[in-house]
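Me: Could you walk me through this structure, one question at a time?

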Amino acid sequence: MTRTSWLVPALLIASVLALFGACLLGSTPMSPARVLSAFVGGADAADRLVIWQIRLPRALAAYLVGAALGISGAALQGLLRNPLAEPGVLGVSASASLAATFSLYYGLAAASPWILPMAAIFGALIATSLIAVAAIRTQSVVTLILIGVGLSSFAGAAMSLLMNLAPNPFSLSDMINWMLGSVANRSFKEIGFAFPFILVGSAILMMSRRGLSALTLGEEAASGVGLDLRRQRILTVLGAGLATGGSVALGGAIGFVGIVAPHIIRPFVGHDPARSLIPSAMLAGLILVLADIGVRILPSSNELKLGVVAALIGAPAFVWIAMRRRAIND
Amino acid sequence: MTEIIAKNLSLTKDSATLLQGASFTLKPRQLIALLGPNGAGKTSLIRTTLGLEKRSSGTVSLGGTDSEALSPMERARRVAYLPQQRPLAWPNSVRDVVALGRFAYGAAPGRLNPRDAQAVNTALELCDLTDLTNRHTDTLSGGEVARVHCARAFAAEAPLLIADEPVAALDPRQQFRIMDIIQAYVDRGGGALVVLHDIPLAAKYASHLIWMQDGRIAAEGPPEETLTVQRMADIYGVRAHIDGRKVEIEGAI
């Protein structure tokens with residue numbers, strides 16, 4: 001068996017187990033038998049309610065948010081040829097949350113449930129396009145990450161401004177939910193409004209993944225072997241924007257998972273960006289489901305935010321990856 | 001028969017003239033060395049010829065089609081291009097990098113049909129990389145990496161090759177190895193345009209020399225005709241001793 005052939009099945013099994021585990025654990029632990037019978041419509045009504053209305057949607061939301069960030073991170077890393085690229089670091093998630101909160105607190109989102117995810121995607125697309133345009137002008141990823149820092153700071157400041165100016169009541173905890181990310185109290189309805197965007201974005205990334213492999217050679221040689229650079233940039237920006245926007249609409253801005261998952265996956269797929277997309281998505285989903293289980297069972301008076309746990313694991317990993325990079329690849 | 005016919009190429013960028021009235025032809029079984037000092041316009045000539053840079057005027061026929069009208073994939077099937085900057089973003093295996101040469105045929109690393117796999121294997125053999133196929137590129141020496149890039153270019157099995165300084169920063173033995181590989185490609189019926197800074201190397205291998213200066217082609221022809229003491233002085237500002245195809249550079253003027 002080659003190294004890659006067991007990777008996806010193993011991740012699939014682990015993901016199913018994690019999702020099932022997320023249904024077992026919680027403030028009232030349930031036995032596997034009770035969870036299983038609730039799944040198939042047996043058990044008592046309270047059990048079914050807990051599983052179908054609370055635990056399963058929450059776990060699925062965590063998985064979807066993670067998967068969208070994982071595939072976007074892997075694709076952006078391929079496009080920018082750098083392992084530090086990721087929606088959170090590049091300011092894409094923060095811009096998406098800003099646009100989402102804007103739509104929410106200026107009452108636009110009340111018009112249709114589709115407005116919120118579309119606003120988040122709009123914010124994400126603006127940020128990804130900015131990054132992609134900047135990437136044409138500079139080869140330095142440090143510059144891109146600094147632009148990301150700028151975008152994130154701007155989004156944070158603008159959100160504080162919104163908080164002061166918005167006509168609708170806007171609480172600090174709302175803002176923290178968007179900026180740090182959480183999948184608490186998500187329902188299948190909310191998942192339904194974000195999922196199509198995540199799906200389409202991921203499909204675009206998968207469809208254009210071959211070009212990411214070609215970009216390994218650098219842009220000049222990639223065009224030399226037959227890559228349409230402009231088209232590749234547009235498709236990756238669009239795909240990552242849709243997927244990240246959808247994930248932010250569902251769970252707010254959760255950082256770093258899009259760096260950690262592809263980094264772990266890469267050696268298993270021969271460092272090929274194209275082949276890292278699906279496994280990165282699965283691993284990132286798995287990580288967030290596990291992190292969310294941690295959030296739920298940690299005994300704390302106020303529930304921790306999922307994004308906080310993700311950053312506690314992810315930020316040190318980011319620093320570690322950054323420090324190990326050789327200066328020449330800058 | 002695929003050939004490049006470039007006529008009267010000019011390139012102006014931000015009011016700087018990078019290329020002016022350059023014409024040349026690259027045919028099968030030709031090994032053209034493109035010579036000239038830094039900034040003479042060699043890379044501009046290559047990029048404009050390929051259609052990677054939009055020309056200000058002139059025409060380029062690449063196998064009968066205007067090079068700017070070709071899709072990137074169609075172009076890649078007619079001419080393999082080895083740019084000056086050859087970064088490798090990830091430490092892929094040698095086989096996977098060479099497999100990228102099949103991109104224009106719809107292949108990708110790990111997804112090669114038998115035809116692609118055969119082309120990759122042949123390219124690996126031609127460049128003497130069969131013992132290194134599973135090595136990761138970050139563990140290779142400079143000479144080995146240069147051969148990987150050559151193999152990547154040959155994997156496309158394109159009738160023409162354009163290489164921008166393929167032997168830069170290599171030791172003499174590795175330079176000869178790369179030039180031998182390109183020579184063998186030309187002997188098999190390929191046509192190659194190669195930017196070189198090493199005049200003795202160019203004189204040894206090339207069937208034609210194109211001399212560039214200040215965005216123009218100053219001279220063109222076989223080494224026996226165009227390699228002269230006067231030309232070395234005009235183009236490079238060096239004193240040289242020349243005996244047929246043998247060149248000895250004695251110093252700056």
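What follows is a set of questions and replies on this predicted model.

Me: Let's start where the chains meet. Which element gives the largest share of the side of chain A that touches chain B?
Reply: Happy to begin there. In this contact, 21 residues of chain A meet 24 residues of chain B. The elements of chain A that give two or more residues to its side are α9 (209-214), α10 (219-224) and α13 (273-297). The largest share, four residues, comes from α10(A).

Me: And how many residues of that side of chain A are nonpolar, polar and charged?
Reply: We are still on the side of chain A that touches chain B, to which α9, α10 and α13 of chain A each give two or more residues. By class, its residues divide into seven nonpolar, eight polar and six charged.

Me: Now the core. Which helix gives the most to the largest nonpolar core?
Reply: This core has 191 residues, and Val225(A) and Leu288(A) have the most contacts inside it. Among the residues that Leu288(A) touches are Ala62(A), Tyr63(A), Val257(A) and Leu306(A). The helix that gives the most, with 18 residues, is α3 (residues 45-80) of chain A.

Me: Where does that core lie with respect to the two domains of chain B?
Reply: The domain assignment of chain B gives domain 1 (1-78 + 159-228) and domain 2 (90-157). Both domains give residues to the core, so the core lies between them.

Me: Is helix α12 of chain A mostly covered or uncovered, and what do its buried residues pack against?
Reply: Helix α12 (residues 257-265) of chain A is mostly covered, with eight of its nine residues buried. Among the buried ones are Val257(A), Ile259(A), Pro262(A) and His263(A). The buried residues of α12(A) pack against three helices of chain A: α3, α13 and α14 (306-324).

Me: Over in chain B, which strands stand at the edges of the six-stranded open sheet?
Reply: The order of this sheet is β6-β7-β8-β3-β9-β10 (chain B), with mixed pairing, and the twist averages 15° from one strand to the next. An edge strand has a single partner, so one side of it is left without a neighbour in the sheet. In chain B, the strands placed like this are β6 (79-82) and β10 (216-221).

Me: Which residue of β9(B) stands opposite Ala33(B)?
Reply: Strand β3 (residues 31-35) and strand β9 (residues 208-213) of chain B pair in the parallel sense, over four bridges. Opposite Ala33(B) in β9(B) stands Leu209(B).

Me: Which element gives the most to the side of domain 1 of chain B that touches domain 2?
Reply: The C-alpha centres of the two domains lie 24 Å apart, and 13 residues of domain 1 of chain B are in contact with eleven residues of domain 2. Two elements of chain B, α2 (72-78) and α6, give two or more residues to the domain 1 side. That side has ten nonpolar, one polar and two charged residues. With five residues, the element that gives the most is α6(B).

Me: At what angle to β8(B) does helix α6 of chain B run?
Reply: Helix α6 (residues 172-187) of chain B lies across β3, β7 (160-164) and β8 (191-195) of chain B. With respect to β8(B), the helix runs at about 155°.

Me: One last item: which residue takes a positive phi in the hairpin of β11(B) and β12(B)?
Reply: Strands β11 (residues 238-243) and β12 (residues 246-252) of chain B pair in the antiparallel sense over six bridges, and Arg239(B) has Gly251(B) as its bridge partner. The hairpin has two residues between the strands. The residue with a positive phi, near 65°, is Gly244(B).

Terms used:
Residues numbered from 1 in each chain as written. Chains lettered and ligands numbered in written order. Predicted model: local features only at pLDDT ≥ 70, side-chain atom pairs only at ≥ 80, totals over all residues. Contact = placed C-beta atoms within 7 Å. Nonpolar A, V, L, I, M, F, W, Y, C, P; charged D, E, K, R; others polar. Pairing = 2+ DSSP bridges. Axes fitted to C-alpha atoms, helices over the stretch in contact; angles between N-to-C directions. Core = buried A, V, L, I, M, F, W, Y, C linked by C-beta atoms within 7 Å. Buried ≥ 20, exposed ≤ 12 C-beta atoms within 10 Å, placed from the backbone. Domains from an automatic or database assignment. Lists of a residue's contacts leave out its neighbours within four places in sequence.
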